[in-house]
Amino acid sequence: MFASFTFARIPADYEDLRATARRLAKEAVADRPMDVCARSWSGYDAEFSRKLGAAGLLGLTLPKEYGGGGMGPFARFVVVEELLAAGAPVAAHWIADRQSAPLILNFGTEAQRHAYIPAICRGESLFAIGMSEPGSGSDLASVRTRAERRGDGWRLNGQKIWTSGAMHADRMIALVRTSGSAEDRHRGLSQVIVDLHAPGVTVRPIKDLAGDAHFAEVFFDDVALPSDALVGEEGQGWQQVTAELAFERSGPERIYSSVVLLDGWLAHLRSTGRADAATTALVGGMIARLATLRAMSIACTALLEAGESPVVEASIVKDLGTAFEQDLPLAIADNLASHRDEPVSDELRRTLEYVTLVAPSFSLRGGAREILRGIIARGLGLR
């Protein structure tokens, strides 16, 4: 399995996108302090997302007939890397571009593709994904939210939680049970498209430890869904979600969550002129880990480019990548604390505090560490 992590290079054609993405990202963060840039994943800026769409930087891997770029996974890797490295706000388009549009393309009807994907590529249609529920955590097979056939449509009842961006999104693609019970596990699950402004839908933002409200709980009280709300075939929801998460876990977003803090700390070291042996070794170790993880992520992207589905490889990158993201704030805090006489700017201090508070979530979102290690164990033939 590890032989599939073959060294690969980003094709030069895709690198041409870098200049445009870097310019737009630089403009977006020009007036934002470092601790706000550190909120790149949760940073909501619908106008910025529409600018990305107008520049052709959304829907890069989607067919041109639906408004996409008709390019490969490396194109998206380059753009995402530039946005996250700058700390640009990506929350408005993040789910729709990365997960919802590919899901609709792969499993939706032709009418659904034309109805939703072009607006997603323009940054004008915002989606959330409804997977986690109270009591089910990362065990998605135990979801209890239910859609029942009524006449020529569906009635939806239940609750989702930890739904990123639901308070801003137009629609949600929700994993629900359309037959059987929670004890049936993977069987009887389907995905439906829900208008989050429909009667019976209630969205309540949830504040995290840092005081931000970037996710929400969503309640469905006898919500009427049209017959064409179903994505793909009834009962195929688990297979769809598995493919969706494999795509999500393989990108550069799993190694850059703390990179704004890393850049801020390196700027601090340069300004103070500190270059003792211990600090130099610490910086070298961080950069070596980041470079290795980036090479592994590029190797995964090369597999996607070749039409493969690197589920196990992507799980390894996410597990190791989020561990790196979580180690960074602790190592930087220890380093700063060991130089008590050295002044630290309020901006760097606020950024360190924020990343330290949210870092535990890095190994939860998109699949908990324990779930990923189960996937890896199966890939190694240990389960």
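How are α11 and α13 oriented to each other? In this predicted model, the axes of helix α11, residues 311-337, and helix α13, residues 369-379, come within 9 Å and cross at roughly 140°. Angles over 145 degrees would count as roughly antiparallel, and α11 and α13 are therefore oblique to each other. The crossing in which α11 passes α13 is left-handed. On the α11 side, the contact is built from Val311, Val312, Ser315, Ile316, Lys318, Asp319, Thr322, Ala323 and Gln326, while α13 supplies Arg369, Leu372, Arg373, Ile375, Ile376 and Gly379. Sorted by class, the residues of this contact between α11 and α13 comprise seven nonpolar, four polar and four charged.

A further helix pair to look at is α6 and α7. Helix α7 spans residues 110-121, and its axis comes within 9 Å of the axis of α6, with a crossing of roughly 160°. That angle makes α6 roughly antiparallel to α7. Here, too, a handedness can be given: α6 passes α7 in a left-handed crossing. From α6, the residues that make the contact are Ala96, Asp97, Ala101, Ile104, Leu105 and Asn106; from α7, they are Gln112, Arg113, Tyr116, Ile117 and Ile120. Seven nonpolar, two polar and two charged residues take part in the contact of α6 with α7.

Helix α5 packs with helix α10, which covers residues 277-305, at an angle of about 150°, and their axes are 8 Å apart. In this pairing, Pro73, Phe74, Phe77 and Glu81 of α5 meet Arg294, Ser297, Ile298, Thr301, Ala302, Leu304 and Glu305 of α10. The class breakdown of the contact of α5 with α10 is six nonpolar, two polar and three charged residues.

Turning to internal space, the structure holds three cavities of 30 Å³ or more. The second largest cavity encloses about 70 Å³. Its lining consists of Leu57, Leu58, Gly59, Leu60, Arg76, Val79, Val80, Leu83, His93, Trp94 and Asp97. Two elements, α5 (73-86) and α6 (91-107), each give two or more residues to this lining, and α5 provides the largest share, with four residues. By class, the lining of the second largest cavity has seven nonpolar, two polar and two charged residues. Asp97 of α6 thus appears in two settings: Asp97 lines this cavity and also belongs to the contact of α6 with α7.

Finally, one loop residue deserves a look. Aspartate 212 sits in the loop between β6 (201-206) and β7 (215-225). Leaving aside residues up to four places away in sequence, aspartate 212 touches Arg39, Ile206, Lys207 and Tyr354. Glutamate 148 lies 64 residues from aspartate 212 along the chain, and the C-alpha atoms of the two are separated by 35 Å.

How values were computed:
Residues numbered from 1 in each chain as written. Predicted model: local features only at pLDDT ≥ 70, side-chain atom pairs only at ≥ 80, totals over all residues. Heavy atoms only, no water. Axes fitted to C-alpha atoms, helices over the stretch in contact; angles between N-to-C directions. Parallel < 35°, antiparallel > 145°, perpendicular 65-115°, else oblique. Left-handed = near helix turned anticlockwise from the far one by under 90°. Contact = heavy atoms within 4.5 Å. Nonpolar A, V, L, I, M, F, W, Y, C, P; charged D, E, K, R; others polar. 1 Å grid on protein atoms, 1.4 Å probe; cavity = no way out; pocket = protein on both sides within 12 Å on 5 of 7 lines; lining within 4 Å. Points joined across faces, edges and corners; volume = space filled by probe spheres on them.
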